[in-house]
Structure formats: structure tokens, C-alpha cells
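Here are some comments to read alongside the model, written for a colleague at the bench. Please keep the sequence and the structure in view while going through them.

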Amino acid sequence: MASLAGELPLVCVTGAGGFIGSSLVKELLQRGYVVRGTARNPDDRKNAHLHSLDGAKQRLSLYHADVLDYESLRIAFSLCDGVFHVASPISDNDPELMAVAIEGTKNVINAAADMGVQRVVFTSSYGAVHMNPNRSPDQVVDESCWSDLEFCLKTKNFYCYAKTVAEKTAMEEASKRGIQLLVIVPSLTLGEMLQPTLHLGIELFIASYMKGTKKTYPNTVSGYVDVQDVARAHVLVYETPAAHGRYLCIGEVVHRSEFIQMMRELFPQYPITTRCKDDNAPRAKPYKFSTQRLQALGMKFTPLKESLHKTVVCLQAQGHIPKLLHNKSAL
């Protein structure tokens, strides 16, 4: 992987200033890559944290690019050895964002092919995998599983719909253009936020409970993974010549009550609810999943309790939740 910058490989990360994007840029810089990050406004203060990363001064540049602006992507990808397509809208209640995710993905793959890039790593979501009401509870969820598009639309889960269609679009376009496509499929992502803005997922699944604004929790099951693990997974598949296709990136799957209990044990001083919203319904069962493909490449996952602790400490440090008197944690 020789590139313009001497012998160092040159790669581009779309959505570099976001939660996963920032951790990925950090990981790539630590490994000695020359990195281009794309942002709609590179000079925005919300991207300033990227310039303070180790190695950023020498090997990071930010480019203006929008996934709907084809020419801006071509410029950003020029002379790159690889592209990591992380940028994606994350709202669940705006159907118009579906077009951005799908059309944007098509643009990224084709612009990369135009500029001679051979390897693209696409960040999908386990929302593209597990949303299927017809799946047997005993079925192991793996890379062969896809979310049911009709079910996503019926339940107004536009994010999962968009990620499913965007990933399939990426596969189709990559196949047409001769691009080697690798797909990382992370679950709900926790961990240290490098960016100053509060990530929507962390606000919904952690901060709102810590602040006591959520009075109940749902009878549901979710998969969780640390953001640093997600970043490592991207680089791991990129650096493995034989890697191909999808890779589930899920650390642990637990019922929301167990997740809440873990929060309460780690931070008992916070007003975290103990009430389940639908206590009368049968308890949702954790599904079985396989991360065998990723583990075969040497991937090891951070324990959920450790990720959760890191997340809350980060929320405190950044002022997203109040710092209450800290009792000795159970970690």
C-alpha cells in the first residue's frame, strides 16, 4: 500500500468528526497512516478535536466533502489507497434521510472507483441484520442475516431501513465497479467520545437514564460494543488481504434490565430508574449471535461493564451529565 506520502499508506475517512469516525481516525494515525477526513465544514469547531490527536499535525488533513456532492468525494479520494465510509445520518424519524444514506453510499463507492481506490470499508449497523420478526429465537444471528425491509417501514424504523438498503447498494455498486468491499456491522456503540457533541445513541441509552429523565426502561434486548473495538475492526479487515464481505461487530447482548442494573451498580449515586415500561409482558429473550468471522482475524472485545464505565466518565468530563459524588465503583 504505497501512497503519495512516501511509503505511508493514504486513506480517507468519511464523517471523520463523528463518534465512530473520530475513533477510527485516531486508530489509523496510531498505526502510521496518512489520513484524510471528510466533513461538510472542516473548519467547524466540532471537528477541532481531530487536530489534537497524536500524529494529526503531521498526517491528518480535513477535506470539505458531502456524500451528495459527487465531485467533492472524487477530490477527497484522489490518490488514496483505501476509503472508510463511516458518514451516515442517524435520525429515526426523518424519511428523507433514507435517500441521503442510500444515494450517498452509491456516490462514495463510485467516486472511490473513479479515483482508482481498490478497497472500501463500509460502516453498516446491526439494524441491517436483526430487524426480522420471522426469525426463530433459536436461530444464531450471523452475517447471512438481513433485516426485513417491510417490517422496518411498518414499524417506522427508517434508520434500520436506510442502513439495510445502503449496505445492499454498496455491495451492488462495488460488484459493478470491481471494488473490494468490506463491511463492519456494529451494534449500539458505547465508549469514550472524542468529539464534543453528545452522540445520539449515548444520549438515548445512557445519559437520559443517568439524568433521571427516563422514568422507565423498555422490555427489550440490545447488542453493545465499544467504539474503540469498532475502530479496530475497521482497520483489522482493511489490513487483512483475505478479508471479504460482512463482519458482525457485537460485544455483548443483554436485556435492558441487566444494562440498567450494571449502570446502577457502577454509579449508585445517580437517579436511574428501576421500572420496566411493560412489566406484564413476557421478558424479551437475548438472541444468539456469532462474531466468529471477526474473532478469526484476532478481534477481542472490551467487556460491556468496562465500556459503560468509560462512557459515563466521559459524559461527566464533557459536562453532558452532572458530576455527582462518586462512590467507589464496582468496576
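The numbered points below take up one strand with its neighbours and then one helix residue.

1. Please bear in mind throughout that this is a predicted model, and that the values discussed here are computed from it.

2. Strand β1 spans residues 10-14, and because five of its five residues are buried, the strand is largely enclosed by the rest of the structure. In a regular strand, side chains alternate between the two faces of the sheet. For β1 both faces are covered, with L10, C12 and T14 buried on one side and V11 and V13 buried on the other.

3. On the question of which strands pair with β1, one partner is β2 (residues 34-39), which runs parallel to β1 and is joined to it by four bridges. Within this pairing, V13 stands opposite G37 of β2. Between the two strands the chain passes through helix α1 (residues 19-30), and the resulting β-α-β crossover is right-handed.

4. Strand β4 (residues 82-85) also pairs with β1, in the parallel sense and over four bridges. Here C12 has V83 of β4 as its bridge partner, while the side chain of C12 belongs to the buried set that also includes L10 and T14 on one side of β1.

5. A separate remark concerns T311, which lies in helix α11 (residues 304-317). Is this residue buried or exposed? T311 has a relative accessibility of 1%, and therefore counts as buried, since the cut-off for that class is under 20%. Leaving aside residues up to four places away in sequence, T311 touches L190, G191, I202 and I206.

How values were computed: Residues numbered from 1 in each chain as written. Predicted model: local features only at pLDDT ≥ 70, side-chain atom pairs only at ≥ 80, totals over all residues. Heavy atoms only, no water. Buried < 20%, exposed > 50% of the residue type's maximum accessible area, 1.4 Å probe, protein only. Pairing = 2+ DSSP bridges. Right-handed = clockwise from strand over helix to strand, strands pointing away. Contact = heavy atoms within 4.5 Å.
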